[in-house]
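Student: Could you take me through one part of this structure slowly, and then show me how the bigger pieces around it meet? I would like to follow it step by step.

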Amino acid sequence: MADAVASDLRVAAVGRRGNARSILRRKSTVAFLMALPLIAIILCLVVYPAFYAIHLATLNKSMTKFVGFGNFLFLFKRSTFWMVVEQSVLFAVTAVIFKAVIGFIVAHFVHNIPLKGQRKWRGMLLIPWVIPPAMSTLAWLWLFDPSYSAFNWIFAHLGLPSIPWLGNPYWARFGVILVNVWVGSPFFMIMYLAALKSVPDQLHEAAAIDGANWLQKIWYVNLPMMRNIIQITGLFSLIVTFANFDIVKILTNGGPVDQTHVFATWAFTLGIWGNDLPLGASVSLFMFPILGTAAIFILRNVRKRGNEA
Amino acid sequence: MSTATAVATGGAPGGAPGAVRYGSISRERKRALYWSYFFLSLFVVFFLMPPIYMLITSLKSSAEIGAVTNPWWVYHPTLENYVNLLSSKSFLTFFKNSAVVSVLVVSLSIIVSILAAFSLARMKFWGSATLATGVFLTYLIPDTLLFIPLFKIFAWIHDKTGIELINHWWVLIFLYPTLTVPFCTWIMIGYFSSIPKELDEAALIDGASYFQILTRVFIPVALPGIIAATIFAFTVSWANFLYPLAFTTSEDQLVLPVGIVTTLIKGDVYNWGQIMTGALLGAAPPLIIYAFLMDYYIAGLTAGATKG
């Protein structure tokens, strides 16, 4: 292939002098033209808006005056902002940990049963991931309904007290995390299952001969072998969970008293509903440090994985 | 595996006491299997409860939902919610908007990403390696970071050119590719790079042009990847909630998820029967595709790395 490139360049070099047609025929030009729609989409609709957000965050509410860090300073003084920071971190970290643990456990159970039945179980377990989150969150909203909660009906029959699912700040926080875990753990399960399948059987046999029990096999064989996937999946999920919008928006809309707002929903409330786009942009920009850090680690892992392959 | 374990324990020199205490290997394995099934069933109950509850509620009349009966059982099943929704003009509009947007976004994403992936994976040009990494990074930028600047940019375009972009369903056709194209390209680069070079070199020797190599060799060989990318793009554009919520408001411009959430919930009055029916119908297209193409779906999920 490299030879082909070289010869192409030579051919192009020969006919370069002022001949537009030969430039067009050059392979790298064709390649660039083929990638052009992608470049255009990325530049116009992702890169430019992302930088524009930074500019927007330095303007005043009517977007007529430059206020520098004014919006950020204003945010730092508001207690709601710190509550949102706390809740976003709590929400993302807790949800990712639970998704990872549940995904890990379920993947092992699926891996444990005969191959023939795995497809069926996997198929059922992935359904929460397939349903659009906005739609399944509606079902949870109904399950958490203050007067007709189907959970509370079960609790009442078991003699347990009923729970104010979305009315109480702590239960509401629990609720949004629960729904997020419900939506996301099938994804972890699928990724970990794929990783488990790539662990060679010989390693388990060797461990068994050495007298390892099932816990030791998981801890000393599976976990190290799956480490890369576990890291990448976790980091990806951290980004997405941190930037989550649908679930919080529909389930609690940030309530009760802003206790469950995360960056995305609060930015929406301030920016679109409150009509203060610069302030909303400033809030959403606070997602950037976490996203950037996670992205760097993912990139490193993906590269490493590419080199191993 | 099982034989190895059997040899490992059973082969212990006449150590009968040990063997007796632990029970036979096959019985132990069987017990582990039963526990696996038991816990898997518990997880399936947890994972399937909300969709099943959707179905249960969608089959009830409002009177039955309001009555103090077992919420987990349908005493008088009725299809009136389905009939009402499917004959409501606004619901059909949401469905149509969603379908048109999704189909167009999927076609656009697939064309753009196949061309780009072919050029990035095989043809190379100055900066193509950086661009491949850049594609991956853009995929990590969430819509929640972009919707506010985009909103302002659209307003600016309106001021300058008079083209109104906000509150038109078709604007989503330009917005959704930001979510679908980077990942589709990323999947396709992976699939295209795995095609042996001998294949396209043979085609080159036979006198094929690059376009012919793409259409005659790469697309057929990487078809599973293309299907996986198509499913991904469809799922994303069908399910997105933030962009339509931020950019469309009139009832005839809404897509399905936003339409159900904003029009069926009126103030504090929840018509749960209809909401659940709408949610179920909104979830149906991805579920149907998933039911038939589960393997491609999973291939797309596990190809490289995905969001979750």
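Tutor: Happily! The buried residues of α12(B) pack against three other helices of chain B: α6 (89–123), α10 (177–193) and α11 (197–205). Keep in mind that this is a predicted model. Helix α12 itself covers residues 210–221 of chain B, twelve residues in total. From its first C-alpha to its last, α12 of chain B reaches 15 Å, close to the 16 Å expected at 1.5 Å a residue.

Now look for its buried residues: they are Ile213(B), Leu214(B) and Phe218(B). Buried here means that 20 or more other C-beta atoms lie within 10 Å of the residue's own. These three lie on the same side of α12(B), because they cover an arc of only 95° around the axis.

Let's step back to the domains. Chain B is assigned domain 1 (17–80) and domain 2 (81–302). Taken over C-alpha atoms, the centres of these two domains of chain B are 34 Å apart. Where they touch, domain 1 of chain B gives ten residues and domain 2 of chain B gives eleven. On the domain 1 side, α3 (25–58) and α4 (62–66) of chain B are the elements that each give two or more residues. The largest share there, four residues, belongs to α3(B). By type, the domain 1 side has four nonpolar, four polar and two charged residues.

Finally, chain B also touches chain A, with 81 residues taken from each chain. On the chain B side, α3(B) again supplies the largest share, 15 residues. That side divides into 62 nonpolar, 15 polar and four charged residues.

Notes. Residues are numbered from 1 along each chain as its sequence is written. Chains are lettered from A and ligands numbered from 1 in the order in which they are written. This is a predicted model: local features need pLDDT of at least 70, side-chain atom pairs count only at pLDDT 80 or more; totals for chains, interfaces and linings use all residues. Domain bounds come from an automatic or database domain assignment. Two residues are in contact if their C-beta atoms, placed from the backbone, lie within 7 Å. Ala, Val, Leu, Ile, Met, Phe, Trp, Tyr, Cys and Pro count as nonpolar, Asp, Glu, Lys and Arg as charged, and the others, Gly among them, as polar. The expected span of a helix is 1.5 Å times one less than its number of residues. A residue is buried if 20 or more other C-beta atoms lie within 10 Å of its own, exposed if 12 or fewer, and partly exposed in between; C-beta atoms are placed from the backbone. The arc is that of the directions from the helix axis to the C-beta atoms.
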